[in-house]
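Let's take a stroll through a protein model together. Have a look at the picture first, then read on.

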Amino acid sequence: MKQFLGYLLSAIHYPAFGLLLLIFQPIQWFCYKIFGYAAHKKSVDILNFFLTKTYYLLGNRVSFTNKQNLPLNRPIIFICNHQSMYDVPPLIYYLRRYHAKFISKVELTKGILSISYNLKVGGGANIDRKDPRQAIMELSKLATRMKDNNWSTVIFPEGTRSKDGHLKPFQSAGVATLLKKCPHALLVPIAINNAWKMVQHGIYPLGPFEHLTFEVLPPVEPNGRPADELVKEVEELIRLKAG
């Protein structure tokens with residue numbers, strides 16, 4: 001019955017999601033070209049607020065819990081487990097105060113309304129997984145922007161999405177590259193739950209009546225420690241909360 005309702009509700013969700021991407025494509029362009037970074041970022045924040053609300057058309061709910069007193073004048077590396085593309089809009093919206101940027105596949109910078117444009121001009125890193133040299137250079141440039149602007153970034157160290165919610169081993173290379181250029185960045189774990197259930201049947205139907213939760217966990221100070229040790233500590237914190 002639940003899957004059957006998923007077919008019906010997905011037919012409502014997808015047009016709404018797509019319409020928002022269509023509407024905000026020219027809005028983003030206008031904001032960026034005429035008013036610059038701050039206006040463009042505001043348009044992206046608003047877009048992702050509404051994209052998150054489309055989850056409710058499926059009967060889903062989103063809870064984002066942040067009880068940590070995180071600094072606004074210091075770069076942050078938000079380290080999250082990764083369950084689906086539906087992780088991203090809530091993270092963009094609820095982390096908006098921290099100017100959180102994303103590390104994305106370069107393929108996503110073409111052909112997707114609103115999303116591709118934001119990836120090209122929003123200040124994140126677009127990496128070619130087939131070209132390790134290019135990937136390291138992009139991450140280094142992102143780390144420099146973090147340091148210069150007190151921006152933050154979101155990284156998914158599993159490398160790929162978990163299809164069943166169980167964590168894959170975290171890789172430390174991306175965090176190591178960021179810390180090399182931005183060594184004073186604070187590491188902040190975020191545990192994501194139930195986002196995988198939205199796509200457990202594939203892209204259609206989407207899973208309805210789920211409660212997606214995002215919990216910001218206590219931060220980890222780098223203090224010059226090796227990246228693999230730091231990432232292992234973060235992984236253990238997330239593993240206690242996600243799954």
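## Starting at helix α6

The buried residues of α6 are covered by elements that include β2, β3, α5 (132-149), β5 (152-155), β6 and α7 (227-241). Those buried residues of α6, a helix that runs over residues 173-181, are G174, V175, T177, L178 and L179. Here, buried means under 20% relative accessible area, exposed means over 50%, and partly exposed is in between (1.4 Å probe, protein chains only). Helices (H or I, at least four residues) and strands (E, at least two) are DSSP runs, numbered from the N terminus.

A word on where this comes from: this is a predicted model, in which local features need pLDDT of at least 70 and side-chain atom pairs count only at pLDDT 80 or more, while totals for chains, interfaces and linings use all residues. Residues are numbered from 1 along each chain as its sequence is written, and side-chain values use heavy atoms, with hydrogens and water left out.

## The whole chain

How many helices and strands does the protein chain have? There are seven helices and seven strands, and from the N terminus on they come in the order α-α-β-β-α-β-α-β-α-β-α-β-β-α.

The C-alpha trace spans about 50 × 45 × 40 Å along its principal axes. The radius of gyration of the protein chain is 18 Å, which agrees with a compact globule, because a globule of 243 residues would come out near 18 Å. (That radius is taken over C-alpha atoms, and the globule rule is 2.2 Å times the number of residues to the power 0.38.)

Of the 243 residues, 49% count as buried. Contact means heavy atoms within 4.5 Å. Among contacts between residues at least 6 apart in sequence, 75% join residues at least 24 apart.

On the outside, the protein chain exposes about 11,900 Å², and carbon and sulfur atoms supply 59% of that. The area comes from the Shrake-Rupley method with a 1.4 Å probe; for residues, only the protein chains shown count as cover.

## Two nonpolar cores

In soluble globular proteins, nonpolar side chains tend to be buried together. A nonpolar core is a set of buried Ala, Val, Leu, Ile, Met, Phe, Trp, Tyr and Cys residues joined through side-chain atoms within 4.5 Å.

The largest one in this model has 35 residues, and L70, F78, L91, L95, V154, I190 and F214 have the most contacts inside it. Elements giving two or more residues to this core include α1 (2-35), α2 (37-53), β1 (61-66) and β7 (211-216). The biggest giver is α1, with five residues. A second, separate core has 25 residues, including L142, L178, A185 and A191.

Take L70 from the largest core: leaving aside neighbours within four places in sequence, L70 is in contact with I76, F78, Y98, L186, V188, V216 and P219.

Now for I190, which sits in strand β6. Buried or exposed? I190 counts as buried because its relative accessibility is 0%. Not counting residues up to four places away in sequence, I190 touches F64, F78, I79, C80, N81, L91, L95, F214, E215, V216 and I238.

## Some asparagines in loops

One of the contacts of I190 is N81, found in the loop between β2 and α3. The C-alpha atoms of N81 and I192 are separated by 6.2 Å, although the two are 111 residues apart along the chain. Beyond four places in sequence, N81 touches residues including D87, F156, E158, L167, F170 and A242.

Here are four asparagines side by side:

| Residue | Loop | Relative accessibility | State |
|---|---|---|---|
| N81 | between β2 and α3 | 1% | buried |
| N150 | between α5 and β5 | 29% | partly exposed |
| N194 | between β6 and β7 | 18% | buried |
| N223 | between β7 and α7 | 64% | exposed |

Leaving aside neighbours within four places in sequence, N150 is in contact with L72, N73, R74, P75, Y98 and R145.

## Backbone oddities

Most residues other than glycine have a negative phi, and most peptide bonds are trans. Phi of N194, however, is near 75°, a positive value, and phi of N223 is near 50°, also positive. What kind of peptide bond joins Y204 and P205? That bond is cis, with omega about 0°, and P205 has its place in the loop between β6 and β7.
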